[in-house]
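User: I would like to go through the interior of this structure with you. Could we begin with the pockets and then turn to the packing?

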Amino acid sequence: MFTCHTLLVDLLFKALADPTRRSILDELSKHDGQTLFELCQRLLFEHKVESSRQAISQHLDVLEAADLIRVKRQGRYKFHFINTEPLKAIQQRWRGKEAS
Amino acid sequence: MKIYITSIPISDYENALAFYTEKLGFVKKRDVEMGHAMRFITLVSPEDPDGPELLLEPNADHRGIRALRESLAEDGIPITSFAVKDLDAEYKRLSGLGVLFTQKPMRQGGWYSAVLDDTNGNLIELAEVPSA
């Protein structure tokens, strides 16, 4: 049976299963709180990601659905921040089960 | 043919003049009364008084311009770009005057640029432009 938790975990792994989305997280972990405009430039020059702003915007929606990024509105502007909280659940999940 | 003018959508002449002259440091070149409270105001850079003029276009309330400006602002996209010789110095000077930057100085692909809020509803890029 699918629970709400299972769906959230699915969203999390789906969000991480894409190189562009991982690059977005890399960029935000270096410079947190970026507009879409800044993020697209950094992705282009530092990660050779040549996706359109529209495509990056859709990637951001997927990351936001997985709670890996948080969007803060300041006035008319939108800034994107990384949120690593959901990753802790992944780290905890199989902990202590490693072969010794 | 040459480029002589670029325009910035505004809704209030005095607020726009205050920002573009007192904060950015441009100077007024033309100010012609057009009737119906309309004025034809252009500004130039004191470094280049015969260069392209910046027209303060009072069309910010037009529905097309409003939609454009809202979506540009949301995504942090500047409406135009001005060249500066020393971006770090301008960033420091303007921040000191209370100007809000949505993008701090960033070096990418030979360009060094930042994005500021002109308090008239527009984002403006400042850039150290590499020679072409």
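Analyst: The discussion below takes up pockets, nonpolar cores, aromatic pairs and the cavity of this predicted model.

User: How much space lies in the largest pocket?

Analyst: The largest pocket holds about 620 Å³ of space. It is lined by 25 residues, and those closest to its centre are Phe26(B), Ser45(B), Glu47(B), Phe82(B) and Ala83(B).

User: Which elements give two or more residues to that lining?

Analyst: They are β3 (38-44), β4 (53-57), β5 (80-83) and α3 (87-96), in chain B. The largest share comes from β5(B), with 4 residues.

User: And how does the lining of the largest pocket divide by class?

Analyst: There are 12 nonpolar, 6 polar and 7 charged residues in that lining.

User: What about the second largest pocket, how much space is there?

Analyst: The second largest pocket has about 200 Å³. Its lining consists of 13 residues, and Asp32(A), Gly33(A), Glu38(A), Thr102(B) and Lys104(B) are the ones nearest its centre.

User: Which elements supply at least two residues there?

Analyst: Chain A contributes through α3 (36-47) and β2 (77-82), and chain B through β6 (101-108). The largest share, 5 residues, belongs to β6(B). By class, this lining comprises 4 nonpolar, 5 polar and 4 charged residues.

User: Let us change topic. Which residues have the most contacts inside the largest nonpolar core?

Analyst: That core has 24 residues, and the ones with the most contacts inside it are Tyr20(B), Leu24(B), Leu43(B), Leu56(B), Phe82(B), Leu116(B) and Leu126(B). Two or more residues come from each of α1 (13-23), β3, β4, α3, β7 (111-117) and β8 (123-128) of chain B. The element that gives the most to this core is α1(B), with 5 residues.

User: Is there a second core, and which residues does it include?

Analyst: A separate second core has 16 residues, among them Leu39(A), Val49(A), Ala66(A) and Leu68(A).

User: Back to Leu43(B): what is it in contact with, leaving aside its neighbours within four places in sequence?

Analyst: The contacts of Leu43(B) beyond those neighbours include Leu17(B), Tyr20(B), Phe26(B), Val27(B), Pro52(B), Leu54(B) and Leu56(B). Lys28(B), Lys29(B) and Glu53(B) are also among the contacts of Leu43(B).

User: How many aromatic pairs are there over all chains?

Analyst: The search of the whole structure finds 3. In one of the pairs, the ring centres of Phe19(B) and Tyr20(B) lie 5.4 Å apart with the planes at 80°, so this pair is edge-to-face.

User: Are those two residues buried or exposed?

Analyst: Phe19(B) is buried, at a relative accessible area of 3%, and Tyr20(B) is buried as well, at 0%. Phe26(B) and Phe82(B) form another edge-to-face pair, with 5.1 Å from centre to centre and 85° between the planes.

User: Where in the chain do Phe26(B) and Phe82(B) sit?

Analyst: Phe26(B) lies in the loop between α1 and β2 (27-35) of chain B, and Phe82(B) lies in strand β5 of chain B. The two residues are 56 residues apart, and the pair thus links distant parts of the chain.

User: Why does Phe26(B) count as buried?

Analyst: Phe26(B) counts as buried because its relative accessibility is 16%, which is under the 20% limit. Phe82(B), at 13%, also counts as buried.

User: One last topic: what is the volume of the largest cavity?

Analyst: The volume is about 60 Å³, and the count of cavities of 30 Å³ or more comes to 1. Its lining includes Arg76(A) and Tyr77(A) together with Arg69(B), Leu72(B), Ile79(B) and Leu123(B).

User: Which helix gives the most to that lining?

Analyst: Helix α2 (residues 63-75) of chain B does, with 3 residues. The cavity lining has 6 nonpolar, 2 polar and 2 charged residues.

Methods
Residues are numbered from 1 along each chain as its sequence is written. Chains are lettered from A and ligands numbered from 1 in the order in which they are written. This is a predicted model: local features need pLDDT of at least 70, side-chain atom pairs count only at pLDDT 80 or more; totals for chains, interfaces and linings use all residues. Side-chain values use heavy atoms; hydrogens and water are left out. On a 1 Å grid over the protein atoms alone, a cavity is a set of points where a 1.4 Å probe fits but cannot get out, and a pocket is an open set with protein on both sides within 12 Å along at least five of seven lines; lining residues have an atom within 4 Å of a point. Grid points are joined across faces, edges and corners, and a volume is the space filled by probe spheres set on the points. Ala, Val, Leu, Ile, Met, Phe, Trp, Tyr, Cys and Pro count as nonpolar, Asp, Glu, Lys and Arg as charged, and the others, Gly among them, as polar. A nonpolar core is a set of buried Ala, Val, Leu, Ile, Met, Phe, Trp, Tyr and Cys residues joined through side-chain atoms within 4.5 Å. Buried means under 20% relative accessible area, exposed over 50%, partly exposed in between (1.4 Å probe, protein chains only). Contact means heavy atoms within 4.5 Å. Rings of Phe, Tyr and Trp (its six-membered ring) pair if their centres lie within 6.5 Å; planes under 30 degrees apart count as stacked, over 60 as edge-to-face and the rest as tilted.
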